[in-house]
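Take a guided walk through this protein model. The path goes from the sheet outward to the helices around it.

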Amino acid sequence: MNENIKKTYADATYEEVVNLTTFDGNRVINRLHVQNLMKNMEKNLSIFPPITVNPVTKHIIDGQHRRAAFVQLIREGRLPKDSTLEVKYVVLSPEDEIAATIAANINSKSWTLNTYMDCFATHNNDYAELKDWCKNHPLMYENKVSKGSETTKGGYRYRFAGAILKGYGCQKELTSGKFTVTDEEYAIGEVVYSELERIFKLIGSVGKPAALEQVAIQWHKVRKLHPIEEWYQMFRSRRLTIQRMPKDNGKDWEAVFNKVSMDITKEKLKKSSSQK
């Protein structure tokens, strides 16, 4: 946030605080964290730093858990009704508001990749399109839900999606707000997704969920070495062997794909020799 932006401090009443909200992309309230704050806030409200609010939108930039604790304490009668909560008002544009919210929560363990995606998707079309793409591709679901569902309990596998579309790890791009995908990359990504979907059905296992990003990266590296039907044929014939191979990280999957590629090459050489 620009340090030259004018800030105004004020003591907000319960009626003022209760009407404050957070924008849709902010993280979900952690009720246990709120309860812990309530215990300390009830003893000494004055030690807590002010929450930061954009007066234009009435959105909380930083301090939504403190706001929730304060409101709950008043409702339960554990703080006097005339208690006030210090607020720092900072006028921001919608874009600057999102950037400021991310900056204020950058070190929070509660901010997962799904939180960043929800945040950026509120104003960035590339992120909104990626969310829609994940919604229509079941392998992207962290939990099993019906195809096309509006919500998923565990969110989406955005790192896996990024690797399918881009061919490399996109964690830093996704959390920095700089992730972009071209129409050509989406077109290729559809093909890669379909290929991986068929491969997983053939071998019946994908290893640990955390390995999926590396699966897509390694597949991008080798998929053009042989015609795709030759890959499928070899995956089918070597299914039991592949199932017994470790598949928990990128190196494991690199070994799996290299093994299958070598087997395809051997089969081709064998056929070539028999025809001479």
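The four strands form an open sheet in the order β1-β4-β2-β3, with mixed pairing. β1 (7-12) and β3 (59-62) stand at the edges, each with a single partner strand, so one side of each has no neighbour in the sheet. From one strand to the next, the twist averages 35°. Keep in mind that this is a predicted model.

Now turn to β2, residues 51-54. How does β2 pair with β3? The two run antiparallel and share three bridges. Two of the partnerships can be traced by residue. Asn 54 has His 59 in β3 as its bridge partner. Thr 52 has Asp 62 in β3 as its bridge partner. β4 (85-90) is the other partner to look at. β2 and β4 run parallel, joined by three bridges. Here Val 53 stands opposite Tyr 89 of β4.

Are the faces of β2 covered or open? Both are covered. Ile 51 and Val 53 are buried on one side, and Thr 52 and Asn 54 are buried on the other. A general rule helps in reading this pattern. In a regular strand, side chains alternate between the two faces of the sheet.

The hairpin of β2 and β3 has four residues between its strands. Lys 58 sits in that loop. Its phi is near 65°, a positive value in a residue other than glycine. Most residues other than glycine have a negative phi. Is Lys 58 buried or exposed? Lys 58 counts as partly exposed, because its relative accessibility is 47%, and partly exposed covers the range between the 20% and 50% cut-offs.

Next comes helix α3, residues 64-75, which lies across β2, β3 and β4. α3 runs at about 120° to β3. This helix has twelve residues. From its first C-alpha to its last it reaches 17 Å, close to the 16 Å expected at 1.5 Å a residue.

How much of α3 is buried? Ten of its twelve residues are, so α3 is largely enclosed by the rest of the structure. Among them are Ala 68, Ala 69, Phe 70, Val 71, Leu 73 and Ile 74. Gln 64, His 65, Arg 66 and Arg 67 are also on the buried list. What do these buried residues pack against? They pack against the helices α1 (14-18) and α2, and against the strands β2, β3 and β4. Just after α3, Gly 77 takes a positive phi of about 75°.

Follow one of those contacts to helix α2, residues 31-43. α2 has 13 residues. It reaches 19 Å from its first C-alpha to its last, close to the 18 Å expected at 1.5 Å a residue. In α2, Val 34, Leu 37, Met 38 and Met 41 are buried. Seen down the axis of α2, its buried residues fall within an arc of 110°, so they line one face of the helix. The general geometry of a helix bears on this spacing. An α-helix has 3.6 residues a turn, so residues three or four places apart point the same way.

The buried residues of α2 pack against α3. Which residues does α2 carry on the face turned away from its buried side? Leu 32, Lys 39 and Lys 43 are there, and they are exposed.

One more helix connects back to the sheet. Thr 101 lies in α4, residues 94-105. Thr 101 counts as buried, because its relative accessibility is 0%. Its C-alpha atom is separated by 10.0 Å from that of Val 53, a residue 48 places away along the chain. Val 53 is the β2 residue already met opposite Tyr 89.

Finally, step back to the whole chain. It has 13 helices and four strands. Of its 276 residues, 42% count as buried. How far apart in sequence are the residues that touch? Among contacts between residues at least 6 apart in sequence, 70% join residues at least 24 apart. What does the protein chain expose? Its exposed area is about 15300 Å², and carbon and sulfur atoms supply 49% of it.

Methods:
Residues numbered from 1 in each chain as written. Predicted model: local features only at pLDDT ≥ 70, side-chain atom pairs only at ≥ 80, totals over all residues. Heavy atoms only, no water. Buried < 20%, exposed > 50% of the residue type's maximum accessible area, 1.4 Å probe, protein only. Contact = heavy atoms within 4.5 Å. Areas by Shrake-Rupley, 256 points an atom, 1.4 Å probe, with all protein chains shown as cover. Pairing = 2+ DSSP bridges. Axes fitted to C-alpha atoms, helices over the stretch in contact; angles between N-to-C directions. Expected span 1.5 Å × (residues − 1). Arc of directions from axis to C-beta.
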